[in-house]
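User: I would like to learn how to read local features in a protein model, one feature at a time. Please give me the general idea and then the case at hand.

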Amino acid sequence: MEQEPQGVAGRVDVALIHYPVYNKNQEIIGSAVTNLDIHDIARASRTFGVSSFYIVTPYRDQQKLVGEIVGHWQDGYGATYNRDRKEAMASVRIIDDLQSLYGLIADEGRRPLVVATSARTHDRTVSYRDMRSRIFQGAHVLLLFGTAWGLAQEALTRVDAMLPPISGYENYRHLSVRSAVSIVLDRLLGRDE
């Protein structure tokens, strides 16, 4: 059996995309930020050593909402009430759009490997095992998660690879995005027991 390294050599960032995504009629929309997503994805990100958790939305009212929630846990009463939550929320960043995100996280002129998730199978799909191996060998990976009914095609044009859909033995595939993030992070960064 192949022995796994003791730590992750690479860097992983997570981005929750609220625009451009599809609604149930396959129309491009901007979706609303939810409080549960912010909390649960921040906690999952901290658990698995994600560097930054980006919330991508162009809407100022949504950015303000995220700022107020994160601020409560960083500087408000929440910061002293629950230090674990404060630690998790420290990774949350708000950004306007994907183009700005790509510019922000480019590390010394090198663009990270951009990997998206979907409930459907796409070409350019790589296995979880392969992506995990790349991360453990030192790759910098940006994971994109779409809200609503998933990332719009225009968001996928600059994606380097896709991860396989998460599924059980049933045909139902409609996990919450925060559940999907936790499962994907466990497959890519969790201890292989």
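User: What is the relative accessible area of Arg124, and where does this residue lie?

Analyst: A residue is called buried under 20% relative accessible area, exposed over 50% and partly exposed in between, with a 1.4 Å probe and protein chains only. Arg124 has a relative accessible area of 35% and is therefore partly exposed; its place is in the loop between strand S6 (113-116) and H6, where helices (H or I, at least four residues) and strands (E, at least two) are DSSP runs numbered from the N terminus. This is a predicted model, in which local features need pLDDT of at least 70 and side-chain atom pairs count only at pLDDT 80 or more, while totals for chains, interfaces and linings use all residues. Residues are numbered from 1 along each chain as its sequence is written, and side-chain values use heavy atoms, with hydrogens and water left out.

User: Which backbone features should I look at in the loops?

Analyst: Arg124 has a phi near 70°, a positive value in a residue other than glycine. Gln26 is likewise not a glycine and has a positive phi of about 65°; Gln26 lies in the loop between S2 and S3 and is partly exposed, with a relative accessible area of 41%. A further item is the cis peptide bond that joins Tyr19 and Pro20, with omega about 0°, Pro20 being in the loop between strand S1 (11-17) and strand S2 (21-22).

User: How many salt bridges are there, and which residues form them?

Analyst: Side chains of opposite charge can pair when their charged atoms come close. The criterion is a side-chain nitrogen of Lys or Arg within 4 Å of a carboxyl oxygen of Asp or Glu, and by this rule the count comes to 9 salt bridges. One of them joins Arg46 and Glu87, whose closest N and O atoms are 2.6 Å apart; because Arg46 lies in helix H1 and Glu87 in helix H4 (residues 83-89), this pair ties together parts that are 41 residues apart in sequence. Arg46 is partly exposed at 43% relative accessible area, and Glu87 is partly exposed at 39%.

Another pair is Asp130 and Arg134, with closest N and O atoms 3.0 Å apart; these two residues are 4 residues apart in helix H6 (residues 128-136), which means a separation of about one helical turn. Asp13 also forms a salt bridge with Arg11, the closest N and O atoms being 3.0 Å apart; here Asp13 is buried, with a relative accessible area of 0%, whereas Arg11 is partly exposed at 28%.

User: How do helix H1 and helix H8 pack?

Analyst: Two packed helices are described by the angle between their axes and the distance between the axes. The axes are lines fitted to C-alpha atoms, for helices over the stretch in contact, with angles from 0 to 180 degrees between N-to-C directions. Helix H1 (residues 35-47) and helix H8 (residues 177-189) pack at about 5°, with axes 9 Å apart, and are therefore roughly parallel to each other, a class for angles under 35 degrees, as against over 145 for roughly antiparallel, 65 to 115 for roughly perpendicular and the rest for oblique. Taking contact as heavy atoms within 4.5 Å, the residues of H1 that meet H8 include Leu36, Asp37, Asp40 and Ile41, and those on the H8 side include Val177, Arg178 and Val181. Asp37, Asp40 and Arg178 are, in addition, linked in a network of salt bridges.
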